[in-house]
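Please look over the structure shown below before reading on. The briefing that accompanies it is meant for someone who meets this structure here without earlier acquaintance.

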Amino acid sequence: LIAMMLDPDARITYCNDFLLKSTGWKLDEVMGRSWFEIFLPAELRPEIKELHTSLLANQPAAWHHENEILTRAGSRRLIRWNNSVLRSAAGEVIGTASIGEDITDRRRAEQILRETKHFAESIAENAPSLIYIYDLETHCPIYTNRSAGEFFGYSPAQLVELGDDI
């Protein structure tokens with residue numbers, strides 16, 4: 001997990017080795033510098049700066065969001081953030097602490113799965129053969145294609161609903 005702390009002006013006051021290793025930066029290159037300028041893509045800076053300012057002003061206990069960050073080489077990583085406001089002993093806001101999980105690969109896999117599912121459904125739906133997919137535990141159909149519906153004189157949804165009662 002990525003861990004970091006920012007002062008109220010979003011300058012980096014702490015970051016862990018995982019952030020540095022996963023982005024290609026060195027500690028002396030990031031400490032004291034603006035998080036926005038180093039890690040945020042230019043098009044996200046206004047939105048995230050506004051969010052940061054608003055959250056410091058409203059001082060919620062915690063907030064969550066996702067945004068892309070840049071590596072030193074310029075590639076992008078999608079991070080899911082859990083953020084908290086840091087306060088001094090007197091209750092004054094002194095910055096934020098954030099823990100982030102890199103979800104880039106998970107999101108890519110989810111996208112590939114959606115595309116593959118859509119492709120498979122398209123093939124099944126347009127196949128001239130009758131296709132039934134059964135749940136092995138209940139022994140009931142969970143999917144039938146258009147050809148099966150046409151063959152039996154029902155819609156695919158009606159065939160699933162009828163189950164083995166055809």
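What follows takes up the strands and their hairpins, then the nonpolar cores, and then the internal cavity.

The model is predicted, and residues are numbered from 1 along each chain as its sequence is written. Strand E4 (76-87) is a useful place to begin, since this strand comes up under each of the topics below.

**Strands and hairpins**

- Strand E3 (62-70) and strand E4 (76-87) pair in the antiparallel sense, and nine bridges are found between E3 and E4.
- Within this pairing, Ile 69 has Arg 77 of E4 as its bridge partner.
- E3 and E4 form a hairpin in which five residues lie between the two strands, and Gly 74, in the turn, has a positive phi of about 95°.
- E4 is also joined to E5 by nine bridges, and these two strands run antiparallel; here the bridge partner of Val 85 is Thr 96 in E5.
- The hairpin of E4 and E5 has five residues between the strands, and Gly 91 in this hairpin takes a positive phi near 90°.

**Nonpolar cores**

- The largest nonpolar core has 20 residues, of which Ile 12, Val 30, Trp 35 and Phe 39 touch the most other members.
- The elements giving two or more residues to this core are E1, strand E2 (12-15), helix H1 (17-23), H3 and E4, and the element that gives the most is H3, with four residues.
- When neighbours within four places in sequence are left aside, Phe 39 is in contact with Ile 12, Leu 19, Thr 23, Trp 25, Val 30, Glu 68, Ile 69 and Leu 70.
- There is also a second, separate core of five residues, which includes Leu 55, Trp 63, Val 85 and Val 93.
- Val 85 therefore appears in two settings, as a member of the second core and as the bridge partner of Thr 96, while Ile 69 is both a contact of Phe 39 and the bridge partner of Arg 77.

**The cavity**

- With a threshold of 30 Å³ or more, the count comes to one cavity, and the volume of the largest cavity is about 140 Å³.
- This cavity is lined by 14 residues, and those closest to its centre are Trp 35, Ile 48, His 52, His 65 and Asn 83.
- Two or more lining residues come from each of strand E1 (2-6), helix H3 (35-39), helix H4 (45-58), strand E3 (62-70), strand E4 (76-87) and strand E5 (93-102).
- The lining is made up of eight nonpolar residues and six polar ones, with no charged residues.

Technical notes: Predicted model: local features only at pLDDT ≥ 70, side-chain atom pairs only at ≥ 80, totals over all residues. Heavy atoms only, no water. 1 Å grid on protein atoms, 1.4 Å probe; cavity = no way out; pocket = protein on both sides within 12 Å on 5 of 7 lines; lining within 4 Å. Points joined across faces, edges and corners; volume = space filled by probe spheres on them. Nonpolar A, V, L, I, M, F, W, Y, C, P; charged D, E, K, R; others polar. Core = buried A, V, L, I, M, F, W, Y, C linked by side-chain atoms within 4.5 Å. Buried < 20%, exposed > 50% of the residue type's maximum accessible area, 1.4 Å probe, protein only. Contact = heavy atoms within 4.5 Å. Pairing = 2+ DSSP bridges.
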